[in-house]
Structures are given as C-alpha cells and as structure tokens.
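User: Can you walk me through the pockets in this one? I'm new to this, so keep it short.

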Amino acid sequence: MGKIQLLSDTLASQVAAGEVVERPASVVKELIENSIDAGARNIEMRVRRGGISSIQIADDGCGMDKTDALMSLERHATSKLRESSDLESILTMGFRGEALPSIASVSKFRLTTRETNALEGTEILINGGKLISVKEAGEAPGTQIEARSLFYNMPARRKFLRTENTEFSHIEHQVRVHAIAHPRIRFLLVHNERTTFHLPATESLFERVRGLVGNELAMRLLEIRKQERNGIKISGFIGQPGVSRSNRSLQMIFLNRRPVEGAMLQYALREGYHTALMKGQQAVTFLFLEMDPRKVDVNVHPAKREVRFHDGNTLKSMVADVVAETLEQRESPSPNRVRETPAPEELSVSFEVSEVEDLRQESLIPELEQQALRKDWSPLLATDALPEPAAVAPEEAIEQPDEELIEAPPEPVATQVPKAKDFRILGVIGKLYVIMENTQGLVLMDQHAAHERILFEQMRSRMETEGVPTQSLLMPVTIEMTPKDFDLVREHVGTLQKLGIGAEVFGANTLKIDSLPTFVSESDSNRFINDVLEELPKDTGRMSSVRLGEDMVATTVCRHAVKANDDLHPKELEKLLEDLLDCELPFCCPHGRPTLVQISFKELEKKFGRVV
Ligand code: ADP
Ligand code: MG
C-alpha cells in the first residue's frame with residue numbers, strides 16, 4: 001500500500017545518525033520496537049546462543065504488503081516520519097528507517113510478513129545486505145523476522161561480542177524493559193529452546209512488574225500516586241526505602257513509554273531517595289513519565305536511549321519531589337497500597353479494587369513475620385539482599401498458567417512498623433550490636449546506625465522548626481579560606497545557622513564561628529567545623545537549602561553525634577529502640593544502611609541441622 005517512504009535527503013540528514021546494531025541485544029531492541037509500533041498484541045522472541053546464532057521475532061501487528069516489505073529494507077525508509085516537523089512530536093518508537101536494513105546487512109536475514117486481511121504474504125531473504133529472494137508466503141498475519149549468524153560477514157565486529165551468557169543477559173534486559181513498558185502486550189522469550197519468561201497480557205502494570213521481578217521484590221514496591229504537574233504525568237512504582245541494587249538493571253524510566261536513561265533523571269531519583277538510598281546503590285524504579293512529545297527531543301541518540309527535555313529542571317525537581325513524597329507515604333495513616341493501576345496505555349479501563357489489593361489489605365501479619373516466612377535472614381526492610389534479576393524469574397514460576405499466577409497468595413507489604421514491646425532486649429555484643437528476640441527469632445540492631453537515624457530525623461525536624469540547640473564556644477574560632485570557598489560559605493550562612501553553627505562573616509575571606517550544636521563536644525569542635533566546611537562545596541548545586549542542610553546533617557553532623565561504642569544501660573537501649581521505631585524511616589540509617597536485621601528461627605534451625 002506504499003505506507004513506507006524514503007526520507008528526503010534533508011530529513012535523512014536530520015535524524016541522529018549512528019550505528020544501531022552493536023550487539024545482539026540491539027537487534028532485539030529494534031525488532032521489538034518495530035513490533036510495538038506495528039500495534040502487536042503478542043510478541044514472541046526466540047534466540048539461540050545469546051542471539052549470536054539466531055534471533056527470531058514473531059508479532060501479530062499490522063504486517064506489510066509486498067511493496068512495503070521491500071521498501072522497509074531500504075535505508076531511510078520509514079512509515080513513521082514524513083516531514084521535518086514530524087520530528088518534533090514523535091510518538092512511535094522508531095522513526096529513522098535504519099534498523100531493518102542495518103540488521104539485514106550484518107546477518108542472514110529472513111522477513112516474512114502478511115497484512116491482516118491479505119490473502120498471501122511475502123518472504124524476503126537477504127544475506128549480508130544482498131537480496132537473495134522475494135517470494136509469496138503463507139505465514140500467519142503479522143511479521144516474522146529472523147536474523148541468523150550475526151556479524152558473520154564482519155569478523156572484527158564479531159570478535160567484540162562477549163560470551164553467549166552475557167549477550168543473552170543484555171537481550172533479556174531489553175525484552176524486560178519493553179515488557180514493563182507494555183503490560184498489555186503478551187511477551188514470550190525463549191533462549192536455546194528454553195522459556196526464559198512468558199508474560200500474559202495484563203491490564204495491570206503491577207502484575208507485569210511482578211511477573212518479571214518476582215513476588216518478593218514486587219511486594220516491596222510503593223505505588224506512585226498518579227499525578228500531573230506542569231503538563232507532566234508521573235506514575236508507576238518505586239522501591240521502598242532500603243530496597244536497592246548495585247546496578248541500574250531495575251532502574252527503569254519511561255518517557256511516553258519509551259525507555260530512557262540519562263544523568264539528569266538518575267540525579268533526580270537520587271535526590272528523591274536522598275537518605276533512603278545507600279551510597280553507591282541504585283534505586284529500583286518503574287517510573288512512567290508522560291508529556292507532550294513536542295516538549296522533548298528524542299532525536300538525540302542513534303539508539304534513542306537518551307532524550308533531551310526542553311524544560312529539564314522542572315522535570316528533575318518534579319521527579320525528585322514525587323519520589324520523596326511516595327517514600328514518605330508509607331508512614332501515612334492510610335498506607336500506600338497497591339491499587340490496580342491500569343497500565344499506562346489507554347486509560348479507559350480501570351480497576352478500583354483487585355484481588356491482589358484485597359489480599360494485601362486483609363493481612364495484618366507484620367513485615368517481620370513475612371520476612372521470617374520468605375527469607376531466612378534479612379534486614380528488616382531488605383536492602384540489596386535480593387538476587388540479581390536474571391535469577392529472579394525461574395522458568396517454572398513463569399511457565400505457570402495465568403490463573404496460578406494470580407491466585408498465588410501475594411505476601412503483604414510492610415504495613416506496620418513493629419513496636420518496641422515486640423522485642424526483648426538481651427544484651428549488646430562488640431559494643432555495637434544489640435541482640436534482641438521477637439516471635440520470629442533473633443533480631444540485631446546496629447546501635448550506631450540506629451542512633452544516626454534518630455538524630456538525623458530529630459535534627460532535621462528541628463532545622464525545619466526552631467533550629468538546633470547550640471552552645472557558645474569559650475573562644476570563637478576564626479577561619480580563613482579561599483575566596484571561592486568563602487563565597488560559597490557566605491551564601492549558606494543561613495543553613496549553617498539552622499544547623500546550630502553560629503557562623504558570621506568576619507572580614508575578607510574569614511568566617512567567625514562562635515557557637516556549635518550542643519552535641520558537639522568542645523574537644524571535637526575543630527574537626528567538626530572542618531568536616532562541615534569540607535562537605536559544603538560538595539553539596540552545592542543542590543536544590544534547596546533545606547536539602548543542603550539535610551545532607552550536611554546526614555554526612556557530618558551525625559558522625560559526630562553518634563554514640564559509637566558507648567556502653568548503654570538497658571534503659572537507654574530500650575529508649576534507643578523506641579526512638580528508632582518512632583522514626584519516619586526506621587529501617588535504614590541516613591546513609592541507607594540497615595538498622596535492624598532479622599535472623600529467623602528457621603535459619604537457626606538450619607544452622608543447627610534441625611531442618612535441611
Ligand atoms: P523505523 O522503525 O525507524 O521506521 P525500521 O528500519 O525499523 O525503521 O523499519 C522500517 C519500516 O518497516 C517501518 O517504518 C515500518 O513501516 C516497517 N516495519 C518494520 N517492522 C515491522 C513490523 N514488525 N510490522 C510491520 N511493519 C514493520
Ligand atoms: Mg524501527
């Protein structure tokens with residue numbers, strides 16, 4: 001029908017040029033995107049030997065007639081872009097018209113395709129970019145593509161490929177990301193004849209996420225209350241405080257359902273998580289942004305991974321705010337429950353209450369018990385104790401029929417913070433670890449981390465209200481600094497004062513400090529001041545002085561205030577536990593490390609050989 005046309009030379013030169021086929025996973029990505037653009041409801045992907053030996057995709061999308069099928073293999077031929085102005089508002093995944101010809105030029109390529117109501121379809125064979133044959137074929141409606149022997153004609157490129165397992169894990173990641181972005185599409189991924197995952201179509205983003213990351217992690221996600229500000233809609237799920245990974249494999253962000261990456265968004269997440277994320281750890285997010293496509297440029301990166309936002313700052317602070325608000329909601333009287341969110345496609349279907357929600361809300365079993373049931377020992381609110389994603393989705397679990405997936409009793413989320421009376425304090429070891437008992441077994445509290453969390457929250461709330469109590473120094477300290485540092489400090493004198501540091505400008509490039517927070521001991525004052533002044537430049541460029549203050553509190557103030565290796569009396573230990581459990585985020589310290597760890601009776605039984 002001639003839907004596909006060549007881009008004009010001018011337009012062709014405007015699309016971000018570059019190699020799209022770097023490795024098997026890039027082929028997979030391009031092919032899935034094409035199937036999504038073709039309106040597929042079912043996408044089946046079969047790969048062999050990490051995709052190096054073969055990548056096959058079958059979809060039930062719109063298909064192509066013979067003319068289009070041939071045209072699709074021309075460079076810069078696309079049905080998705082006609083004129084320059086279209087580039088400004090792209091909603092399709094593709095638009096450059098380069099993927100199919102690129103893939104066909106580096107593989108043994110077979111395309112069969114048939115339009116829905118067409119009597120027959122077309123089969124095209126190409127080897128290393130050379131047309132071998134064009135025939136009529138009778139495949140099912142939709143499109144099937146196979147790329148075999150990737151880079152067989154480019155030995156240099158082939159050498160750069162990693163092991164089959166590594167290549168496959170990249171492929172798997174690509175399929176996962178697109179599967180999360182499109183819960184309404186059924187996805188099947190098969191590697192070397194074995195099913196890696198099979199995800200039935202669902203209306204619910206949560207079900208899709210759960211199908212991919214497993215129940216345990218899914219139950220530790222918080223739903224973002226869908227909201228719209230400045231024409232940007234945000235929705236999705238993010239990990240509870242303390243849930244994190246050492247890499248970004250589960251940090252997914254979608255813009256108009258296109259997976260996107262970028263330092264700016266990562267920064268915003270970090271900012272939003274702030275102290276709920278351990279340094280060096282990565283947040284787990286399935287974040288959906290929707291906005292007018294004219295406000296963002298997707299034509300930046302050949303593989304379209306990065307996008308450029310016209311108003312990046314607004315977006316950045318919005319993402320950070322929404323993340324921070326979502327993390328706090330956990331503590332609100334009506335805790336943030338997973339309502340069935342319609343997948344972020346058509347918004348016509350919505351479920352108020354789902355089976356999953358019912359089950360979750362009914363359960364009053366506290367998190368501790370859950371932990372004990374499903375894990376032998378773990379931080380009370382797990383940090384990174386989860387297996388890596390590849391290991392999460394065992395075949396058996398995923399090959400279950402759909403009903404089973406839904407009926408499997410979902411485990412409830414941490415609905416309640418435990419009370420101090422749930423624990424019996426037994427003693428302290430190593431002057432650091434408080435040993436306690438609860439109904440599930442043994443609980444350890446890191447005295448230092450707990451105290452840090454408590455102080456952090458106290459300081460923060462005081463900073464926001466009356467300010468931190470201070471003591472005057474017997475001898476005011478004057479500090480001379482470089483003009484650059486001085487300017488910086490001068491800008492933030494207000495913040496320092498809120499932190500309980502009585503700082504004043506004292507002549508050119510000199511600062512006078514005449515009071516410090518009460519918890520800083522006189523002998524420690526110089527080190528404290530140095531620490532603060534050292535931290536300050538690192539943290540500028542932060543969003544607000546409040547945030548700057550929080551960071552200062554987290555990084556320096558606590559370090560000085562904490563009862564490290566102090567012997568605490570039983571009464572003091574009790575108070576410490578009480579205060580900790582009163583905190584907004586009791587399960588991790590301001591650096592995101594766990595404060596409490598549970599070791600279940602089951603684990604103890606295992607250790608003593610009572611059970612296997
Ligand atoms: P682009 O996606 O940037 O347009 P591609 O080279 O990936 O470029 O694809 C070229 C054209 O081939 C697409 O514009 C589309 O019209 C058609 N096409 C590719 N894959 C499919 C598919 N799975 N189903 C239907 N049409 C397809
Ligand atoms: Mg494409």
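Analyst: Let's start with the second largest pocket. Its lining divides into 14 nonpolar, ten polar and ten charged residues. Keep in mind that this is a predicted model.

User: How much space lies in the second largest pocket?

Analyst: About 540 Å³. The lining has 34 residues. Closest to the centre of this pocket are Asn34, Met64, Ser79, Lys80 and Leu100.

User: Which elements give two or more residues to that lining?

Analyst: There are two helices and three strands to look for: α2, α4 (99-105), β3 (54-59), β4 (77-78) and β8 (142-148).

User: And which one gives the most?

Analyst: That's α2, with six residues.

User: OK, what about the largest pocket? How much space is in there?

Analyst: About 720 Å³. It is lined by 29 residues.

User: Which of them lie nearest the centre?

Analyst: His170, His173, Gln174, Glu261 and Arg305. As for elements, α2 (24-37), α6 (164-181), β14 (251-255) and β15 (258-260) each give two or more residues to the lining. You met α2 a moment ago, in the lining of the second largest pocket.

User: What's the mix of classes in the largest pocket?

Analyst: Eleven nonpolar, eight polar and ten charged residues make up the lining.

User: Which domains does that lining draw on?

Analyst: Domain 1 (9-199) and domain 2 (205-327). Each supplies at least three residues.

User: Switching topic. What is phi like in most residues?

Analyst: Most residues other than glycine have a negative phi. His76 has a positive value, near 60°, and is not a glycine.

User: Where does His76 sit?

Analyst: In the loop between α3 (66-71) and β4. That strand, β4, also gives two or more residues to the lining of the second largest pocket.

User: Why does His76 count as partly exposed?

Analyst: Because its relative accessibility is 21%. Buried means under 20%, and exposed means over 50%. So at 21%, His76 falls in between.

User: What about Lys431, what's its phi?

Analyst: Positive again, about 55°, and Lys431 is not a glycine. Look for Lys431 in the loop between β21 (424-429) and β22 (433-438).

User: Buried, partly exposed or exposed, for Lys431?

Analyst: Partly exposed, because its relative accessibility is 46%. The cut-off for exposed is over 50%.

Definitions and conventions
Residues are numbered from 1 along each chain as its sequence is written. Chains are lettered from A and ligands numbered from 1 in the order in which they are written. This is a predicted model: local features need pLDDT of at least 70, side-chain atom pairs count only at pLDDT 80 or more; totals for chains, interfaces and linings use all residues. Side-chain values use heavy atoms; hydrogens and water are left out. On a 1 Å grid over the protein atoms alone, a cavity is a set of points where a 1.4 Å probe fits but cannot get out, and a pocket is an open set with protein on both sides within 12 Å along at least five of seven lines; lining residues have an atom within 4 Å of a point. Grid points are joined across faces, edges and corners, and a volume is the space filled by probe spheres set on the points. Helices (H or I, at least four residues) and strands (E, at least two) are DSSP runs, numbered from the N terminus. Ala, Val, Leu, Ile, Met, Phe, Trp, Tyr, Cys and Pro count as nonpolar, Asp, Glu, Lys and Arg as charged, and the others, Gly among them, as polar. Domain bounds come from an automatic or database domain assignment. Buried means under 20% relative accessible area, exposed over 50%, partly exposed in between (1.4 Å probe, protein chains only).
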